[in-house]
Amino acid sequence: MHLVEGNKMNREQYFKNDVAFDALYPPAISEVAEQHWTPLHIARQVADFLGDEGKHVLDIGSGAGKFCLAAAHYAPMASFTGVEVRKKLVKAATDLQKQLVIDNVTFIHGNFMDLHFADYDHFYFYNAFYENINEQGRIDNELPLSDAMFEYYADNLSRMLSERPAGTKVATYHSFHGEIPTGYERVAWQGGGELTFWVRR
Ligand SMILES: C[S@@+](CC[C@H](N)C(=O)[O-])C[C@H]1O[C@@H](n2cnc3c(N)ncnc32)[C@H](O)[C@@H]1O
């Protein structure tokens, strides 16, 4: 692969096509892309909604960084942070970030619960806790997973979002919406709500 560093035109080709983008990852990560990483056309819509100039967006459970990297490419005037509990995925994300030369992204290895949501303006959530309640949906067998953990994380995410001020935006993808607290208005959605946009009133 040839990629001229720092040249947005040259990386543009990878952001037009999920197959081309996913192939940039090591095989073990690209193989699970369809099930676990945000498709590019969804990332573009979320970037349009959340990626206002000067705003800082947190991806809660950023996986191999596909959403953050794509959104950062589509919305270069915003900045994006991904927090991810699996170290190997954070490494894949930062490796690809360097390769694509994207500056407005940061990846953090850790649990979203250890972050201060006050450091961020808007939030993206692609049903990060689902593997706790669905064995078929697991990325690997490295984490302790359980129904109780699903509820614990969802309750805490709801509490953390409830503490954010009016104007906070959230985009959810394939979420059950249980993480969205009272006070957030559903302002737009697609399909049966598979992609939903929320604003705190
Ligand atoms: C469905 S994937 C989405 C990845 C990324 N947002 C994207 O769309 O490309 C959800 C990710 O959340 C991570 N995750 C699950 N629970 C987490 C937690 N408590 N804190 C941080 N990351 C978590 C998982 O390891 C997984 O990589």
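Buried, as used in these legends, means under 20% relative accessible area. The views all come from a predicted model.

**View A. Asn127, a buried loop residue with a polar side-chain contact.** Here we're in the loop between strand 4 and helix 8, where Asn127 sits. Its relative accessibility is 10%, so Asn127 counts as buried. Look for the polar atom of the Asn127 side chain that lies 2.6 Å from the backbone oxygen of His174. Setting aside residues up to four places away in sequence, Asn127 touches Phe150, Tyr173, His174, Ser175, Phe176 and Glu179.

**View B. A nonpolar patch on the surface, made by Tyr130, Ile133 and Phe176.** Together, these three residues offer about 280 Å² of accessible area. Ile133 belongs to the loop between strand 4 (122–126) and helix 8 (147–162), and Asn127 from View A is in the loop between strand 4 and helix 8 as well. With a relative accessibility of 36%, Ile133 counts as partly exposed. Phe176, a member of the patch, also turns up among the residues that Asn127 touches.

**View C. Ile42, a buried residue in helix 5.** Helix 5 covers residues 40–50, and Ile42 is part of it. Ile42 comes in at 0% relative accessibility, so it counts as buried. Once you skip its neighbours within four places in sequence, Ile42 is in contact with Tyr124, Tyr173, Gln190 and Leu195. Take Tyr173: along the chain it is 131 residues from Ile42, yet the two C-alpha atoms are separated by 8.5 Å. Tyr173 is also one of the residues that Asn127 touches.

**View D. Trp198 in strand 7, buried and joined to Thr172 by a polar contact.** Strand 7 spans residues 195–200, and this is where you'll find Trp198. Its relative accessibility is 8%, so Trp198 counts as buried. The side chains of Trp198 and Thr172 meet in a polar contact of 3.0 Å. Leaving out neighbours within four places in sequence, the contact list for Trp198 includes Phe49, Thr168, Lys169, Val170 and Thr172. Also in contact with Trp198 are His177, Ile180, Tyr184, Glu185, Arg186 and Val187. If you want a backbone distance to check, try Gly167: from C-alpha to C-alpha, Trp198 and Gly167 are 9.5 Å apart, with their positions 31 residues apart in sequence.

Notes: Residues are numbered from 1 along each chain as its sequence is written. This is a predicted model: local features need pLDDT of at least 70, side-chain atom pairs count only at pLDDT 80 or more; totals for chains, interfaces and linings use all residues. Side-chain values use heavy atoms; hydrogens and water are left out. Patches are made of residues with over 30% relative accessible area and no salt bridge: like charges are joined within 9 Å, nonpolar side chains (Val, Leu, Ile, Met, Phe, Trp, Tyr) within 5 Å. Accessible areas come from the Shrake-Rupley method with a 1.4 Å probe; for residues, only the protein chains shown count as cover. A salt bridge is a side-chain nitrogen of Lys or Arg within 4 Å of a carboxyl oxygen of Asp or Glu. Helices (H or I, at least four residues) and strands (E, at least two) are DSSP runs, numbered from the N terminus. Buried means under 20% relative accessible area, exposed over 50%, partly exposed in between (1.4 Å probe, protein chains only). Contact means heavy atoms within 4.5 Å. A polar contact is a pair of N or O atoms within 3.5 Å; within protein, one must be able to donate a hydrogen and the other to accept it, and residues adjacent in sequence count only if both atoms are side-chain atoms.
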